[in-house]
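Please open the model in your viewer and colour it by chain, so that each stop on this tour can be selected in turn. The route goes from the contacts between chains to a few places inside single chains.

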Amino acid sequence: MDLIVSLVVAAVLLLAGLLFGRAAEKRHYADLKRREAELRNLLIFNERRLPADVVCSRAVLVVGSAVIAEDYFKHAAASMKSLFGGRITAYESLLDRGRREAILRMKERARTLGATMIFNVRFETASLSEDRSGSRPMFSAEFIAYGTALVP
Amino acid sequence: MIYENPPLPEDVNVSRDSVLGEFLRLLVALIAIVAIAGTMLYFLGGWLARFVPFSAEMSWTGDAVLGFDLQEARDGESTQRYLQSLADRLAAEMELPDGMRPSAHYAELDVPNAFATLGGHIVVTTALYRIMPSENALAFVVAHEIAHIEARDPIAALGGGALLGLGLTLLGRDAEALAPQVAYLVLNGYSRRAERRADAAALEAVRRLYGHAAGAAAAFEALGAHEGRAGRIPTFLSTHPATQERIAALSDAAADWDRTSQPLLPLAVSTRD
Amino acid sequence: MELTNLESVPGKTIVKHLGLVQGSTVRAKHAGRDILAGLKNIVGGELKAYTELLNESRQEAIERMVAQARAAGANAVLNVRFSTSNIASGAAEVMVYGTAVLVQ
């Protein structure tokens, strides 16, 4: 009897994770695409050397950060995949979204300053929830994108 | 010098595979592997455990009945002696190996149950004894437990469970979450085989002792009737599943029973309380 | 496709700067290798299984970055940088990023 109950609970959680997770992801991607289209004319490079003909009144450090967490379905899928090895596709979209969000926030910050280009863009990713006791906790990660915005 | 940011393709860093499809495939593969590996580990553990000599098992447990808090029945000495003599007579018919002598215990418990544990100890509860309709039924139950001891089932279950647990731990923390369910399924499947073997050996034993195998089915019927009255599953039936085929097999064994020339014997020690 | 972590490609001039490109992968090693690595934690030394895992991941991440650069119309990537982070389940994410450029 306990077996059936725990199986049903797990199935419900998985289904909730799958449906709500997919919906949230779709919404986020639509939002990302929209904002990226708006901010496409704010250029980013990870070079340090500025253009020879640059006109810049101010150079400001801009940072964008985002924290993304997984849902129950991704958690289960990644656990199973890590038993067999190979690419964990469940996390790829999660990390992609997080990074793009961080870049967008950095660009938005630069846009409020009136900048047109950001140079020497760098990334950092930090994985949170590193609790080693018991079964693996829900994975979440913080993404930072930072660079120097050139205000003309 | 041209500085620009052309739009980049969406699908480079993200795979567009079906997430649900892959998940289901992995789940099926994982369940299959755990089921197969679990059964193999349990079987291997049992096979290895049977190499431990019975003398070692006996000297290790001594008089203790492991896995059970044994309360000797009040005023049960005569019943205990009766059970022991019955076990001895059955053991003689079953031609147990040298040094294997089952010890019978009569335990105070209001749940009908009988089981065999490490070291050749057999326990019969007061509740089971009281509902046995005849000595033939009781003898079948005792012979069934002796058959488990002869097949070294207690120590095999211990070894199998240990190896299965070890295997699941090695597989990782995620497999540990599945552990109770896997253990339940593996034990259920395996124990049916052991139970059928013990039934067959017990039928043979009572046939040799009494000349017929009637009364065996009566033991299960009595337990089933008790369940109907008490409204809960007797422990004996839940750990010794009384499937239709099992009862049918026992009834078939009594097909050649001649009721008049081979009467069923009453219990030697009455259960008047 | 030329890859360099310098600011320029030596001997060539940059014609177009095409912006940031990145590639990333998340990979896990299978349970068997994980157990062996766990035992290695007792005796010490190089965890060959994980070295292999990260090498494969880096290769794939570089290939993805190159694919993005190619789609942008570049023939070189400058200022290549790596970033590795730990994903709690014995998996690691490797990210590579740089600036895509057209050189002559």
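Begin with chain A and chain C, which together bury an area of about 2,700 Å², with 51% of it given by carbon and sulfur atoms. Within the part that chain A buries against chain C, A:Asn46, A:Glu47 and A:Phe123 supply 22%, more than any other three residues, and these are useful residues to label at the outset. This is a predicted model, and the values quoted along the way are computed from it.

If you now select the residues of each chain that are in contact with the other, you will have 28 residues of chain A and 32 residues of chain C. How many salt bridges are counted between chain A and chain C? The count is four, and one to display is the pair of C:Glu7 and A:Arg48, whose closest N and O atoms are 3.6 Å apart. Polar contacts between chain A and chain C, with both residues at pLDDT 80 or more, come to 16 residue pairs.

To see which parts of chain A carry this side, show its secondary structure: α2 (72–84), β3 (86–87), α3 (89–113) and β4 (117–127) of chain A are the elements that give two or more residues to the side touching chain C. Of these, β4(A) provides the largest share, six residues. Coloured by class, the side of chain A that touches chain C shows 11 nonpolar, seven polar and 10 charged residues.

Stay at this interface and select β3(A) together with β2(C), since these two strands run antiparallel and are joined by two bridges. Centre the view on A:Gly86, and you will find C:Ala28 of β2(C) standing opposite.

Next, move along β2(C), which covers residues 14–28 of chain C, to where this strand pairs with β1(B) in the parallel sense, again over two bridges. Here B:Ile2 stands opposite C:Lys16. Keep C:Lys16 selected, because its salt bridge is with B:Glu4, the closest N and O atoms lying 3.8 Å apart, within the 4 Å allowed for such a pair. One salt bridge is the count between chain B and chain C.

Widen the selection to the whole of this second interface, where 13 residues of chain B are in contact with 18 residues of chain C. The area buried between chain B and chain C is about 1,300 Å², and carbon and sulfur atoms give 56% of this. B:Leu8, B:Val12 and B:Asn13 supply 39% of what chain B buries against chain C, more than any other three residues. Seven residue pairs, both members at pLDDT 80 or more, are in polar contact between chain B and chain C. On the chain B side, β1 (2–3) and α6 (153–171) each supply at least two residues, and by class this side has nine nonpolar, three polar and one charged residues.

Now hide chains B and C and look at the sheet within chain A. The open sheet has four strands in the order β1-β4-β5-β2, with mixed pairing. Strands β1 (43–44) and β2 (58–69) of chain A stand at the edges with a single partner strand each, so one side of each is left without a neighbour in the sheet. Follow β1(A) into β4(A), with which this strand pairs in the parallel sense over two bridges, and mark A:Ile44 and its bridge partner A:Ile118.

Bring chain B back and select strand β3 (residues 114–117) of chain B with β4 (residues 121–125), which run antiparallel and are joined by four bridges. One of the bridge partners to label is B:Val124 in β4(B), matched with B:Ala114. In a regular strand the side chains alternate between the two faces of the sheet. In β3(B), accordingly, look for B:Ala114 and B:Ala116 pointing one way and B:Phe115 and B:Thr117 pointing the other way, with all of them buried. Three residues lie between the strands of this hairpin, where B:Gly119 takes a positive phi near 85 degrees.

For the last stop, select B:Ser78 in helix α3 (residues 77–94) of chain B. Is B:Ser78 buried or partly exposed? Its relative accessible area is 34%, so B:Ser78 is partly exposed. Draw a distance from the C-alpha atom of B:Ser78 to that of B:Ile31, 47 residues apart along the chain, and the separation is 52 Å.

Definitions and conventions
Residues are numbered from 1 along each chain as its sequence is written. Chains are lettered from A and ligands numbered from 1 in the order in which they are written. This is a predicted model: local features need pLDDT of at least 70, side-chain atom pairs count only at pLDDT 80 or more; totals for chains, interfaces and linings use all residues. Side-chain values use heavy atoms; hydrogens and water are left out. Contact means heavy atoms within 4.5 Å. Buried area is the accessible area (1.4 Å probe) that two parts lose on being put together, summed over both. A salt bridge is a side-chain nitrogen of Lys or Arg within 4 Å of a carboxyl oxygen of Asp or Glu. A polar contact is a pair of N or O atoms within 3.5 Å; within protein, one must be able to donate a hydrogen and the other to accept it, and residues adjacent in sequence count only if both atoms are side-chain atoms. Ala, Val, Leu, Ile, Met, Phe, Trp, Tyr, Cys and Pro count as nonpolar, Asp, Glu, Lys and Arg as charged, and the others, Gly among them, as polar. Two strands pair if DSSP finds at least two bridges between them. Buried means under 20% relative accessible area, exposed over 50%, partly exposed in between (1.4 Å probe, protein chains only).
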